[in-house]
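Ready for some practice in reading a protein structure? Take a look at the sequence and the model, then work through the exercises at your own pace.

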Amino acid sequence: MARTSDSILHYNVGDFGRAGFAIANPGNDRVTLNETIGDLVSMIGKQILSINTRADRDLTTPPSINTVRDLHKLYLRARQIVSARTVETSEMSFEADHVSPEAQPFLVFPTPYRDIRNRWLKRYTQLMLTLCSNLMQHSENRREFDISPKVAKVVKDTMDRMYYDIATDLFQKSKADAKKPEFILTEADFAAWDWTEWFIDTERIETVVHSEWVFTEDDLDILARGIPATHLPKLEPFPGTANPDAGSLGEVTDAVATASTAATVAPWPV
């Protein structure tokens, strides 16, 4: 019997397959009744596709300030959504009186992955595809409307890990500062950012890029609109994966922050 896998899947369709595109792994869970989980999967997937089709993908130097700001915004937006829509176990959940929502297919956004030269973007992409996989396969997709603290923790742990990596590696923040519950990068941090001051020579020097997979906006149109997970062909993990389950659905346990007390930033509810 063929083994199943929870690894990130190779979107092996035409030129996108040859260019090493990937999607989060929905497993057998292609639809959701939970509007919030569906929204999070779509938002994260679309933003990562947008980021990974920029020039930064093909460069080995740290990502541009544009990309870092967009990842910062993604983190804040996810935090805001989760904070607003999480219902504690002691709270009454919203329930419809008569009409129940219809199950909707997840929208997936195939993104460059295998051949990303930028090690920072590849790391962040792996984390976000892992998060989307965990959300699509979560049992609470049967729950309507709201999310519980368990789902909130899935989002928090992985988003916090990405943000911690950005803060400590790209901005040279200390481990102690980046783990503070209220920690958020500021406009002053972005204005003062100059990675050339602390990265070593081999990280600061770019090599010649020969990329045949530079897609136009028209090429990417079908991906940017999202593909219903129910319409996906049979896909497999990337060939040569030593561990079929490596780098995907295990829960991220090294969370780096808890609820924020900052008035201007939505706190994590867990």
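Below are five exercises, each with a worked solution.

Before you start, note that this is a predicted model, in which local features need pLDDT of at least 70, side-chain atom pairs count only at pLDDT 80 or more, and totals for chains, interfaces and linings use all residues. Residues are numbered from 1 along each chain as its sequence is written, and side-chain values use heavy atoms, with hydrogens and water left out.

**Exercise 1. The overall picture**

Task: Find how many helices and strands the protein chain has, and what percentage of its residues is buried.

Solution:
- Step 1. Start with secondary structure: helices (H or I, at least four residues) and strands (E, at least two) are DSSP runs, numbered from the N terminus. The protein chain has nine helices and seven strands.
- Step 2. Next comes burial, where buried means under 20% relative accessible area, exposed over 50%, and partly exposed in between (1.4 Å probe, protein chains only). Of the 270 residues in the protein chain, 47% are buried.
- Step 3. Now turn to contacts, meaning heavy atoms within 4.5 Å. Among the contacts in the protein chain with a separation of 6 or more, 82% link residues 24 or more positions apart.

**Exercise 2. Two helices side by side**

Task: Decide whether helices H4 and H5 are roughly parallel or roughly antiparallel to each other.

Solution:
- Step 1. Locate the helices: H4 covers residues 119-136 and H5 covers residues 149-170.
- Step 2. Look at their axes, which are lines fitted to C-alpha atoms, for helices over the stretch in contact, with angles from 0 to 180 degrees between N-to-C directions. The axes of H4 and H5 come within 9 Å and cross at roughly 175°.
- Step 3. Apply the classes: under 35 degrees counts as roughly parallel, over 145 as roughly antiparallel, 65 to 115 as roughly perpendicular and the rest as oblique. H4 and H5 are therefore roughly antiparallel to each other.
- Step 4. See who makes the contact: H4 contributes residues including Trp 120, Tyr 124 and Leu 131, while H5 contributes residues including Val 155, Met 159 and Ile 166.
- Step 5. Sort the residues of this contact, taking Ala, Val, Leu, Ile, Met, Phe, Trp, Tyr, Cys and Pro as nonpolar, Asp, Glu, Lys and Arg as charged, and the others, Gly among them, as polar. The contact of H4 with H5 then divides into 13 nonpolar, two polar and five charged residues.

**Exercise 3. An aromatic cluster**

Task: Work out how the rings of Phe 16, Phe 21 and Phe 215 are arranged.

Solution:
- Step 1. Recall the rule: rings of Phe, Tyr and Trp (its six-membered ring) pair if their centres lie within 6.5 Å, and planes under 30 degrees apart count as stacked, over 60 as edge-to-face and the rest as tilted. The whole structure holds eight aromatic pairs.
- Step 2. Phe 16 and Phe 21 have ring centres 5.1 Å apart and planes at 55°, so this pair is tilted.
- Step 3. Phe 21 and Phe 215 form an edge-to-face pair, with 5.5 Å from centre to centre and 90° between the planes.
- Step 4. Phe 21 belongs to strand E2 (residues 21-23) and Phe 215 to the loop between helix H8 (201-204) and helix H9 (217-224), so their pair ties together parts that are 194 residues apart in sequence.
- Step 5. Put the pieces together: Phe 16, Phe 21 and Phe 215 form one aromatic cluster. Phe 16 and Phe 21 are buried, and Phe 215 is buried too.

**Exercise 4. Far in sequence**

Task: Describe the surroundings of Pro 112 and Ser 83.

Solution:
- Step 1. Pro 112 lies in strand E6 (residues 111-112) and is buried at 3% relative accessibility.
- Step 2. Pro 112 and Gly 20 are 92 residues apart in sequence, with their C-alpha atoms 6.0 Å apart. Setting aside neighbours within four places in sequence, the contacts of Pro 112 include Gly 20, Phe 21 and Thr 125.
- Step 3. Ser 83 is in helix H3 and is partly exposed, with a relative accessible area of 23%.
- Step 4. Ser 83 and Pro 267 are 184 residues apart in sequence and 6.0 Å apart in space, C-alpha to C-alpha. Not counting residues up to four places away in sequence, Ser 83 touches Ala 266, Pro 267 and Pro 269.

**Exercise 5. An unusual backbone angle**

Task: Say where Gln 172 lies and whether its phi is positive or negative.

Solution:
- Step 1. Gln 172 is in the loop between H5 and helix H6 (175-178).
- Step 2. Its phi is positive, about 55°, although Gln 172 is not a glycine.
- Step 3. Gln 172 is partly exposed, with a relative accessible area of 42%.
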